[in-house]
Amino acid sequence: MIFNVMLKKVVSGIGAILLLLLFVIVIGYHCPIQKITGFPCPGCNIITSSYWLFVKGDLSTSLYYHALLIPTIIVFVVCLFLSYKKNKKIRDRLLLIWGIAMILYYVYRMLFVFPDIPMVYDETSLFSLIFDIHF
């Protein structure tokens, strides 16, 4: 019985990974929200630019692309620890605070940075091609 439950979870996980890989192959390695709408999402540039610049040691440029990279890494590590300790209440509150911070930072960037780098409009997006939107 336990083996069947574990097998179902493994098969579900593999299915989810294959679906994600198919999506990446079709859309490409881009933010799916930006590739469809043209507008950057709250997490845009956090992995593609900011993280890689951080790993290379270029902290100032990394934070220019996404200032919440370091708090995101800290929240991720703390949430892993809290999940291991089965402390869902604190983990959920931390994720809520992080989510609110991401949304507020996104609104700020859309008001004061868009459409300049790094918050650029993707003119090859699906919406842009259908509705002929340009900035």
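User: How exposed does Trp52 count as, going by relative accessibility?

Analyst: Happy to start there, and please keep in mind that this is a predicted model. Values under 20% would be called buried and values over 50% exposed, with partly exposed in between. Trp52 has 45% relative accessibility, so Trp52 counts as partly exposed.

User: What kind of aromatic pair do Tyr51 and Trp52 form?

Analyst: The idea is to look at two values, the distance between ring centres and the angle between the planes; an angle over 60 degrees counts as edge-to-face. Tyr51 and Trp52 have their centres 5.2 Å apart and 75° between the planes, which makes the pair edge-to-face. Tyr51 is partly exposed, because its relative accessibility is 30%.

User: How many aromatic pairs are there in the whole structure?

Analyst: The search finds six. Another of interest is Phe39 with Phe114: the ring centres are 5.7 Å apart and the planes meet at 40°, so this pair is tilted. Phe39 sits in the loop between helix H2 (32-37) and helix H3 (46-56), while Phe114 sits in the loop between helix H6 (88-112) and helix H7 (126-131). The two are 75 residues apart, so the pair links distant parts of the chain. Phe39 is partly exposed at 27% relative accessibility, whereas Phe114 is buried at 15%. Together with Tyr121, Phe39 and Phe114 form one aromatic cluster.

User: Which peptide bonds are cis in the loop between H6 and H7?

Analyst: The general idea first: most peptide bonds are trans. Here, the bond from Phe114 to Pro115 is cis, with omega near 5°. A cis bond also joins Ile117 and Pro118, with omega about 10°. Pro115 lies in the loop between H6 and H7, and Pro118 is found there too.

User: And what is phi for Asn45 and for Lys86?

Analyst: As background, most residues other than glycine have a negative phi. Asn45 has a positive phi of about 75°, and Lys86 has a positive phi of about 60°. Neither Asn45 nor Lys86 is a glycine. Asn45 lies in the loop between H2 and H3 and is buried, at 14% relative accessibility. Lys86 is in the loop between H5 and H6 and is exposed, at 70%.

User: At what angle do H3 and H5 pack?

Analyst: For helices, read the angle together with the distance between the axes. H3 and helix H5 (residues 69-84) pack at about 90°, with axes 10 Å apart. The two helices are therefore roughly perpendicular to each other. From H3, the contact uses Ile46, Ser50, Tyr51 and Phe54; from H5, it uses Leu69, Ile70, Thr72 and Ile73. By class, this contact of H3 with H5 has six nonpolar, two polar and no charged residues.

User: Is Ser128 buried or exposed?

Analyst: Ser128 is buried, because its relative accessible area is 3%. For a buried polar side chain, a useful next step is to look for partners. Ser128 lies in helix H7, and a polar atom of its side chain is 3.0 Å from the backbone oxygen of Glu123. Leaving aside neighbours within four places in sequence, Ser128 contacts Tyr121, Asp122, Glu123, Ile133 and His134.

User: How many helices and strands are there in the protein chain?

Analyst: The chain has seven helices and zero strands. Of its 135 residues, 24% count as buried. Among contacts between residues at least 6 apart in sequence, 45% join residues at least 24 apart.

Technical notes. Residues numbered from 1 in each chain as written. Predicted model: local features only at pLDDT ≥ 70, side-chain atom pairs only at ≥ 80, totals over all residues. Heavy atoms only, no water. Phe/Tyr/Trp six-rings, centres within 6.5 Å; stacked < 30°, edge-to-face > 60°. Helix = DSSP H or I, 4+ residues; strand = E, 2+ residues; numbered from the N terminus. Buried < 20%, exposed > 50% of the residue type's maximum accessible area, 1.4 Å probe, protein only. Polar contact = N/O pair within 3.5 Å; in protein donor to acceptor, adjacent residues only side chain to side chain. Contact = heavy atoms within 4.5 Å. Axes fitted to C-alpha atoms, helices over the stretch in contact; angles between N-to-C directions. Parallel < 35°, antiparallel > 145°, perpendicular 65-115°, else oblique. Nonpolar A, V, L, I, M, F, W, Y, C, P; charged D, E, K, R; others polar.
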